Amino acid sequence: MGQHDKFDAIIAGAGHNGLTTACYLAKAGLKVLVVEKNDWIGGASVSRSLHDGWTYSNCSYVCSLLRREIVRDLELPRFGLQVIPYEGGASFTPDGDYFAYYSDHDALRREMFRHSPADVDAYERFSQTVIRQCRFIRPFLLRNAPDPSSLRPRDLNELLFLLKKAHGLGARELGETLRFWTMSIGDFLDEHFESDLIKAHIAGAGIIGTGLGVYSPGTAYVLLHHYMGDVDGSIGAWGFARGGMGAIANALGACLEEAGGTIVTGSGVDEFLVKDGRITGVALENGDTYEAPIVASNMDVKRTFLEHTEEKHLPEDFTRAVKRFKIRGSSGKLNIALDALPEFPAAPKGAPFLRGDMHCSQSLNELERAYDDWKEGRWSQQPYFDMLIPSQIDPTMAPPGKHMMTVFVQYAPYDLEVNGIRSGENWNDETRKQFADCVFDKIEIAMPDIRKHVLHAEIRTPWDIENEVGLTEGNIFQGELTFDQLLFNRPVPGYSQYRTPIDGMYLVGSSAHPGGGVMAAPGANAAREILRNVGKGNLMPSHAA
Amino acid sequence: MTVSATYDVLVIGGGHNGLTAAATLAKKGKSVCVIEKSEQLGGMAREVAHLLYNLHPKVVRELGLKGLADGKPLATVSLVEDGKHVEIAGDTVRFADGTTHPDAVAYVELTSRLKKFAALLGQLSSHSPPKLDGGLTSLATLGELAGLAKLGLNLKLLGKKDMNEFLRVILTNAYDLVLDEMPDGPLAGALCADAVRGNYVGPRSPGTVFNLMYRLGQGGEAYLPKGGMEAVVCAFESAARTAGAEVRTGQGVKRILVEDDKATGVELEDGTHIAARTVMASTGPQAVMQMAGVEHFDVEAARRIRNTRCKGTVAKLSLVLKDAPSIVGLSREQMRSRFLIAPSAAVVERSFNPAKYNELPAAPVIEAVILTPSDPDLAAKGQHILSLNVQHIPHTPEGGWDEAKRQQVIDTVVAQLEVYMPGVSASIERADLLTPADIEELTGAPGGHWHHAEMGVDQILTVRPVNGLAHYGFAVQGLYLCGASAHPGGDVTGLPGRNSAIQLLKDGVLS
Amino acid sequence: MNQLPTAVPIGVIPTPLQTRLEDLSTAKSWTNWAGFISPLVLDTVEFEYFAIRNQSTLFDISPMHKYRVTGPDALRVVNRMVTRDVSRMRDNRVGYALWCDEEGMVIDDGTVFRFSDSDFRICCQETMHSWILDTAWGFDVDIVDESHQVAGVSLQGPTTFSLLSDAGLTVAGALKPFDMAEVEPGLWISRTGFTGDLGYELWTSWDKIAELWDRLWAAGDHWGLRAIGYEALNICRIEAGFIAAGIDFQPVHTAMRLHRGRSPIELGFEKLVHFDKGHFNGRRALLKQKDAGPRHVLRKIDLAGFKPADGALLYYKKKKEVGHVTSGVWSPTTKRNIALAEFKAPYGYSITDDLWAEIYVFEEGVWDKRLVPVTFEDKPFFINDRSRATPPRPF
């Protein structure tokens with residue numbers, strides 16, 4: 001690739017956000033290079049073939065949050081992206097029953113009635129609150145977070161936008177909003193529902209990817225973070241990317257290629273090169289160097305600044321703030337090749353809820369205890385999991401008659417405690433297997449014969465995710481979604497707008513506002529900032545402008 | 001039914017907030033009567049609190065309270081098994097043996113920052129929370145906004161760096177905040193213990209930094225007033241009486257009388273009706289709603305009120321000792337300290353875990369103080385009283401309270417004490433335990449909660465105790481909430497009572 | 001392992017009358033009503049409409065939500081919930097009522113059946129179980145969702161009393177409008193309906209309703225009995241000036257957008273808000289609104305021209321947009337172009353002249369826009385003595 005050693009902009013890391021930034025910049029006419037340490041692109045949006053004939057979405061596994069403005073701007077469907085909504089979900093119980101979340105509203109009401117008549121209407125009230133909150137928050141996703149300590153016109157403008165939106169709520173709703181943003185998902189659900197099983201079914205969305213328990217204040221917001229997506233305008237709907245989550249990265253890659261951008265894989269950034277407080281380019285691990293006046297890092301804020309930037313270029317306060325940025329690994333993953341669809345003794349054959357997210361958690365207390373285990377450096381003895389078999393809908397994921405199952409597991413610590421010592425090094429084949437066994441034991445609630453169908457299982461711990469994908473501590477959001485790390489606090493106060501202390505250097509990953517999930521909003525927002533700074537703000541396509 | 005005199009204001013509950021409200025209104029020439037169910041005034045301040053630390057200077061000034069919190073504050077000693085206890089006296093942090101503590105500077109930096117923030121927040125505590133009726137920009141709220149704007153202005157005066165820090169930490173958790181500045185140990189444990197005191201949280205729960213700031217609202221110093229909390233209650237009572245308020249004890253209120261959507265008095269448990277133009281209540285919101293009748297509350301308000309989070313987590317244990325207690329490694333002078341058994345932040349979190357499942361903690365966080373040095377009359381000659389607040393005792397453990405479980409709590413606490421006070425168990429003459437359930441029974445505090453309602457960030461300011469009823473006025477015209485469940489919240493501050501009285505006057509319901 | 005759970009049905013399910021309706025349906029035009037299969041049109045809208053106004057018609061109202069409130073505090077709970085004073089209702093009476101949230105916005109409207117001061121039924125369009133439970137918190141009552149136990153048919157039209165007599169139910173003749181009576185064990189008749197015409201609603205248990213249908217059907221031949229679907233009924237309810245939840249107002253609990261709720265005052269039902277009965281939900285907010293004046297006003301309007309105005313925007317002086325038509329039809333009986341319309345106050349409230357409706361008409365491949373003048377109607381569009389006469393005239 002040596003022929004281009006000078007670019008207009010370099011993106012470090014080919015995750016979905018880095019690629020999104022690259023696409024927008026390339027479409028605006030910049031000469032763009034993306035460098036990626038792995039031999040493949042996608043970061044955590046990948047499809048990998050680790051067992052012959054099977055495709056694993058081995059990190060992120062479902063799609064909803066990807067902003068439709070971005071899909072439209074970058075014409076991703078033309079580059080092969082298809083998102084197929086899935087059909088509900090279920091939580092199974094040890095006594096052979098289940099709670100099914102049907103997409104059919106009437107069926108859902110009947111199912112809730114079967115479990116708890118008082119919860120049927122309560123669900124409507126719950127939905128109304130959540131949808132109202134989603135409607136409130138969504139306009140902020142593709143905007144900059146205002147810096148409240150700044151008096152710059154743009155910050156005041158953004159602040160005004162926020163105030164106007166808040167004003168529009170009226171006193172009552174504003175109060176409800178303040179409460180919603182600060183309360184725990186557990187308390188929120190307790191205020192609405194009686195059935196433990198229904199509460200447990202919904203609560204997962206309040207903790208996925210976080211180092212918080214269902215009763216930790218702030219988790220109601222996390223639920224919102226998972227609900228504010230949509231599949232074709234249907235708020236809260238989730239779907240599979242056909243061909244696995246890699247389809248998103250591949251579509252972005254193809255878009256970038258058409259726009260004239262370049263991707264170099266196989267060697268990551270060793271160092272961000274800085275001269276006189278200005279970025280000048282990157283040096284790769286393989287010794288290659290590339291120059292550009294603009295460099296954007298798709299890596300998380302800790303990795304970017306604590307490992308690949310010389311400390312002397314950074315203000316002390318900034319480094320301190322980055323060091324204390326909370327980015328905790330709390331989840332693991334099992335990617336499983338199955339020789340057939342396992343039996344679900346409780347469910348009618350072909351029930352639609354099997355083609356959705358499946359769980360075996362029974363109560364909020366069980367989930368909270370799972371969190372207590374994690375705080376002590378253990379994996380949860382009764383883990384929460386989010387389990388899907390996408391091959392029922394997407395035939396490209398497994399050979400005919402066979403299936404692919406993805407199991408997102410929480411909680412699993414990054415620094416596993418063994419004999420009083422907490423360290424990521426404690427994750428080895430043996431502890432990994434024990435962890436997987438614990439998960440399989442619980443999956444048997446839904447699928448008693450699961451073990452006999454397993455042809456291959458990839459077991460991923462936070463430690464593995466960090467080592468392979470490069471996400472610090474294996475945190476899927478590149479940083480906890482707590483208020484001290486959201487909006488103008490993300491990633492660190494004073495640097496919430498994709499800029500960094502180094503001129504020309506930007507942060508475009510999920511460490512930046514509005515945070516994690518395969519949303520691509522940080523990437524698009526960062527691109528808008530970059531283009532504005534180089535006087536090309538007018539070249540930002542209108543939908544995400 | 002007998003009807004007695006008509007008052008301007010009837011105050012239900014003679015806790016310190018009820019007395020403050022009564023004193024404030026009586027000073028304005030209103031005829032006020034306080035009605036207390038038990039024979040003694042003081043409520044939680046008498047039965048549960050053993051130290052004074054957040055009394056608001058405005059209340060002290062306005063009520064003319066004297067000699068309560070102007071002595072020498074108590075030092076805090078955070079105990080640790082290896083004997084390297086940490087002593088915190090104001091901004092002096094060192095090991096109890098006088099040697100330098102490596103994290104002293106970090107501690108002072110952190111706490112002075114938090115105190116600065118707390119002072120800023122404190123500006124909101126002596127007013128009604130901002131009203132947002134009609135949205136943020138309507139004319140009606142301009143006055144309300146002025147208060148907020150002042151806060152905003154003061155925020156800006158903090159400087160960009162502090163302002164950023166304030167906005168970052170305001171909703172976050174104490175555990176991370178503290179451990180970002182110092183390694184885990186007794187000093188971090190002490191801060192985390194103060195951050196969770198009285199609340200149903202562990203230090204890892206977001207919102208605990210706010211709790212810590214609240215605790216540091218008046219600088220954080222704790223006082224053991226001469227005469228104990230009894231003296232504090234007497235001071236409030238005397239302020240109310242001096243101002244002309246009538247005080248009746250031993251009279252429970254059965255219901256609050258409401259006519260044509262206005263509070264008109266109360267009916268006592270003996271059937272007596274007392275007429276009044278307004279009624280204030282310092283009990284919890286749910287009790288007030290039920291006394292007035294749920295039918296006077298909108299369905300949503302009733303739902304919010306019964307969903308108020310108020311799980312009490314503190315048990316009070318009084319140990320009567322026949323020997324003067326001593327702690328290995330502490331001087332006699334140092335025994336006049338506030339002791340914390342919270343050897344690390346992790347321990348504080350672990351103390352909370354079982355409470356979530358209504359289980360008893362194996363190693364609860366404890367705040368202890370020996371009352372007798374400052375108040376020898378409390379015990380028989382030669383005896384000593386060790387007063388302990390035991391954190392994270394559930395209101396009702398699985399299966400309910402019984403003698404065995406009560407004994408289990410006492411044994412657990414004594415076993416912990418034994419580590420630091422070898423031989424203490426043999427010295428115990430009597431042990432009096434008040435579980436949160438007992439506290440609820442005794443004082444009417446909802447859930448036996450220290451603050452009548454959890455001081456979570458989802459239950460403060462404009463949503464305390466609940467959204468829509470945050471301005472003391474409690475649905476029915478002339479009915480007011482004046483206890484800890486109202487803004488700004490719990491502790492012996494006097495503010496809810498004072499603010500409520502001022503709001504009542506401002507609303508013009510007496511004119 | 002226990003026995004397998006029975007999976008709930010997915011999609012719409014039949015009422016006990018579906019087999020009867022299936023046979024009568026030539027149009028095969030169904031809709032989802034609260035999860036049940038319900039006919040939009042069975043045969044022809046026009047014939048069904050004229051049967052309501054000239055003969056007798058049957059409509060399956062079993063999907064209605066029905067809640068029973070019983071116990072010593074039943075009266076207090078119902079009065080806490082609805083804006084009208086149900087203590088003024090006599091036993092065995094039915095009353096139209098609206099109920100509000102704390103901000104005075106209408107949650108739903110429906111009918112309150114007063115059996116006694118300790119026994120009520122609330123019959124409505126929206127699901128209300130949790131809401132009634134919440135309303136009843138702290139009171140001594142039992143709340144039962146009877147929706148799937150009590151079934152009903154609406155028998156409407158000028159010949160319905162004659163038909164009932166032939167069916168052995170002459171006793172219904174004594175019922176005044178909004179009266180009800182248990183005419184046979186387990187069979188209740190109320191003189192109520194959604195058409196503004198003579199008519200009755202007959203209530204019995206889920207398993208007896210088909211039998212009742214057959215009994216009425218057998219007596220109906222001479223009286224021109226037809227089964228009807230919702231579309232014909234809808235024309236009649238607009239003629240009668242009745243509002244429909246989800247059409248003429250957005251039930252506030254189902255509004256995902258803010259500020260879409262409307263108060264009873266704004267919907268024209270101030271007379272059904274009894275401020276003097278003590279507190280009821282939303283009372284304080286409604287008092288405030290009464291002082292401040294409504295933000296919107298729902299009115300009955302008459303439009304020029306012949307083209308139905310459903311969905312039309314309304315203008316003041318042909319320029320300023322001031323509202324929209326919520327329900328509009330050509331009234332075949334009165335030969336008027338009628339509608340219900342929501343105006344932004346003060347339009348339709350203090351400003352009632354120079355108002356125009358913009359009606360779009362699509363005819364054979366061509367869109368045409370017509371601006372037609374709007375006038376107000378205070379009474380129902382369709383009024384006929386027979387709807388009130390007691391005993392009803394044989395017809």
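**Strands, domains and chains**

Q: In E9(A), which residue is the bridge partner of A:Val34?
A: First, a heads-up: this is a predicted model, where local features need pLDDT of at least 70 and side-chain atom pairs count only at pLDDT 80 or more, while totals for chains, interfaces and linings use all residues. Residues are numbered from 1 along each chain as its sequence is written, and chains are lettered from A and ligands numbered from 1 in the order they are written. Strand E2 (residues 32-36) of chain A pairs with E9(A) in the parallel sense, over four bridges. In E9(A), the partner bridged to A:Val34 is A:Ile263.

Q: Which strands of chain A stand at the edges of the sheet?
A: Here five strands (E, DSSP runs of at least two residues, numbered from the N terminus) make an open sheet with parallel pairing, in the order E9-E2-E1-E13-E21. Strands pair if DSSP finds at least two bridges between them. Two of them have a single partner strand each, so one side of each has no neighbour in the sheet: E9 (262-265) and E21 (505-507).

Q: What angle does the direction of helix H1 of chain A make with that of E2(A)?
A: From one strand to the next, the twist averages 20 degrees. Helix H1 (residues 16-27) packs on this sheet, touching E1 (9-12), E2 and E13 (294-297) of chain A. With axes fitted to C-alpha atoms (for helices over the stretch in contact) and angles from 0 to 180 degrees between N-to-C directions, H1 and E2(A) make about 165 degrees.

Q: Which helix gives the most to the side of domain 2 of chain A that touches domain 3 of chain A?
A: The centres of these two domains, over C-alpha atoms, are 28 Å apart. Their contact (C-beta atoms, placed from the backbone, within 7 Å) takes 15 residues from domain 2 and 13 residues from domain 3 of chain A. Helices H6 (185-192) and H7 (196-207) each supply at least two residues of domain 2's side. With eight residues, the one giving the most is H7(A).

Q: Which helix brings the largest share of the side of chain C that touches chain A?
A: This contact takes 21 residues from chain C and 32 residues from chain A. On chain C's side, the largest share is four residues, from residues 129-135, which form helix H4 of chain C.

Q: What is the radius of gyration of chain B?
A: Chain B has 17 helices and 15 strands. For its 511 residues the globule rule gives 24 Å, and the chain comes close to that, so it is as compact as a globular protein of that length. The radius of gyration of chain B is 22 Å.

Terms used: Domains from an automatic or database assignment. Contact = placed C-beta atoms within 7 Å. Rg over C-alpha atoms; globule rule 2.2 N^0.38 Å.
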